[in-house]
Every structure is written in structure tokens, then in C-alpha cells.
Amino acid sequence: MATDLPSVWIQDLTWEEVASYLERDRIAIVPIGATEEHGPAGVLGVDSYVAITLAEDAAQRARVVVTPPIWFGDSVHHAGFPGTISVRPETLTLLVRDVARSLARHGFDRIILLNGHKGSNLAALHTAARVLHDEELPQVLFVIADPLHLARSAAPEIKDTNEHHAGELELSHVHYRYPGKIRMDRLTDAHVDFDEVFGGFVGDDLFGKAPDGVEIVWSGDEQRAFTPTGSFSSSLGVTEEKGQRYHDHIVARLVELIEWLRRYDGPIGRRDAGKDA
């Protein structure tokens, strides 16, 4: 493992240090976030800070490298709020494909796309990884990681209310790792009446039991109409302790994932996979 590197961040390394790392390991984490509204208490960079801190702490524990973060994501549904910067899903797909191609060219063949924009961005990331793996990079094992799935078992025991956009968990997370970023004097109980807006077909808790439902698409202006504050669930319960528990659980799972990727010797990510079928 790369215990001798001065940083886990590729941008802080020389090309010779990266080459030395590749002699011993082939794993890279790509943190992907968003720049979008997170209610009156959350800064626009919440999702990017989530991806950055998870990637950095997991990488430091597991001794792998991390690429510079991607700060922009698919945020058009938040575009009714000033400061939100959105890229089209196809733009994000193309960007991620180019990043992955660059990594693969030099020998990285275990690439973790770490999404801090819970749920959103996933369509673009899946498209990027599936097309690349199927058509160009069969030797690369792509993993798409998201707190929405990595914290599914722990979140219900940590949070005190339903968790959705700008809710207590993600704001607690940033509050814990980046003190001062969350405007603690602006925490709010404002929330969306999901039954009224979505007819009972969309769940109000990303970590709770979901209804037999559908995906409903809305615009940024429509979102501002049904949640003028930008908050989908209460943020009153934000605490550093919740953020730490949430963070530590996800980082531990990421480290387990990295250790598994190092041991993995199965059919996925092998040039000869399926040749004898």
C-alpha cells in the first residue's frame, strides 16, 4: 500500500509518486458532488463536501489515492435558487468517462465513483460506467458508491426524523467535518408535504420505508413553489454527534469495499472474462 505518499490527493502528488503508487495498487476514488441549494442553513457545496470528506478519510485509512473532486452535478431541479450550478446529465457522463479513461490509461483498474449528491447524479454515473466497461474498458471494475445505500442500515438509528434534501443527517455530516459551514442559526422545521405534492407516490424519507411509487420529475421553479425555503425535511436536529456516527459508518464501509477490491479475483474487470463461454 502507498504508505509513503505525502498525500492521498492526486493533485498534490508528482507524476513519479503516482507511478510509484501504481506499482503497488490500482485503486482510485473519484469524488463527485454538486453545487446547489441546501435550504437556509446548508451551504451550496454540501454534496461536494460530503463526497470530499468521505473520499479523503476512507483513502487515508485504506491508503489509496483520490482524484480532484467534481463540484458540479445534475442539479437542474434546484435551479430556482440562486447559486445553484447544474450540468446536464450527458455532460456529467462525458466528464466522468474522460476522467476514467485517463485513469485507466495509466493502469488504474479499480475505480470508485463516490457520489455525494444522494440519489441524484446516479443515472449519469451508471451510464458512464456501463458504456465504458462494456465498450472500452472491460479490464476496469467500476464501483458507484453513494451514502444513500452505504448508510441504509445505520441512518434510521441515527436520525430523529425523516431525512430528505437539506435534512438533519447530511447537514450534521458537514457540520461535523467542516465546522462553521452550516448556518446553525438558520436551521428550520420547514418541510415538504409529500402526500400533497406527490400524491403518496414518493417517499419523504430517503432512509425509510418507501411507498409503492414512481419517480416524478419537477423543475427548479416548480421546486421553489412547493418548498420556498429549499428544505425538504426538518434540519432542527443537526448535531455534531449525529454527523460523526453517520460519517464513521460510511467510511468504514468504504474501507471494507477497498479491501475487498484488493482481494477480488473474480470475473468482473478481467480482459478474458467470457472468452470461454
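In the predicted model, helix α2 is mostly covered, with 14 of its 17 residues buried. The helix runs over residues 46–62 and reaches 24 Å from its first C-alpha to its last, close to the 24 Å expected at 1.5 Å a residue. Just after α2, Arg-63 takes a positive phi of about 60°. This residue lies in the loop between α2 and β2, the latter formed by residues 65–66. Most residues other than glycine have a negative phi. Arg-63 is a residue other than glycine, and its phi is nevertheless positive.

One partner of α2 is helix α7. Two packed helices are described by the angle between their axes and the distance between the axes. For α2 and α7, the angle is about 60° and the axes are 10 Å apart. Angles of 65 to 115 degrees count as roughly perpendicular and those under 35 degrees as roughly parallel; α2 and α7 are therefore oblique to each other. The crossing in which α2 passes α7 is left-handed. On the α2 side, the residues that meet α7 are Val-46, Asp-47, Tyr-49, Val-50, Thr-53, Leu-54, Glu-56 and Asp-57. Their counterparts in α7 are Glu-170, Leu-171, His-173, Val-174 and Arg-177. By class, this contact of α2 with α7 comprises six nonpolar, two polar and five charged residues.

Helix α7, which spans residues 168–177, is itself mostly covered, since eight of its ten residues are buried. The buried residues of α7 are Glu-168, Leu-169, Glu-170, Leu-171, Ser-172, His-173, Val-174 and His-175. Among the elements that cover them are α2, α6 (155–158) and α10 (240–263). The loop between α6 and α7 holds Ala-166. Phi of Ala-166 is near 65°, a positive value in a residue other than glycine. Is this alanine buried or exposed? Buried means under 20% relative accessible area, and Ala-166 has a relative accessible area of 1%, so it is buried.

A second helix pair is formed by α3 (residues 89–105) and α4 (residues 122–135), which pack at an angle of about 45° with their axes 8 Å apart. That angle makes α3 oblique to α4. The crossing of α3 past α4 is right-handed, whereas that of α2 past α7 is left-handed. From α3, the residues in contact are Pro-89, Leu-92, Thr-93, Val-96, Arg-97, Ala-100 and Arg-101. From α4, they are Ala-124, Leu-125, Thr-127, Ala-128, Val-131 and Leu-132. The residues of the contact of α3 with α4 divide into nine nonpolar, two polar and two charged.

Pro-40 is placed in the loop between β1 (27–32) and α2. Its relative accessible area is 24%. Because the class of buried residues ends at 20% and that of exposed residues begins over 50%, Pro-40 is partly exposed. With its neighbours within four places in sequence left aside, Pro-40 is in contact with Arg-183, Arg-186, Thr-188, Thr-229 and Ser-231. Leu-125, one of the α4 residues that meet α3, is 85 residues from Pro-40 in sequence and 29 Å from Pro-40 in space, C-alpha to C-alpha.

Notes. Residues numbered from 1 in each chain as written. Predicted model: local features only at pLDDT ≥ 70, side-chain atom pairs only at ≥ 80, totals over all residues. Heavy atoms only, no water. Helix = DSSP H or I, 4+ residues; strand = E, 2+ residues; numbered from the N terminus. Expected span 1.5 Å × (residues − 1). Buried < 20%, exposed > 50% of the residue type's maximum accessible area, 1.4 Å probe, protein only. Axes fitted to C-alpha atoms, helices over the stretch in contact; angles between N-to-C directions. Parallel < 35°, antiparallel > 145°, perpendicular 65-115°, else oblique. Left-handed = near helix turned anticlockwise from the far one by under 90°. Contact = heavy atoms within 4.5 Å. Nonpolar A, V, L, I, M, F, W, Y, C, P; charged D, E, K, R; others polar.
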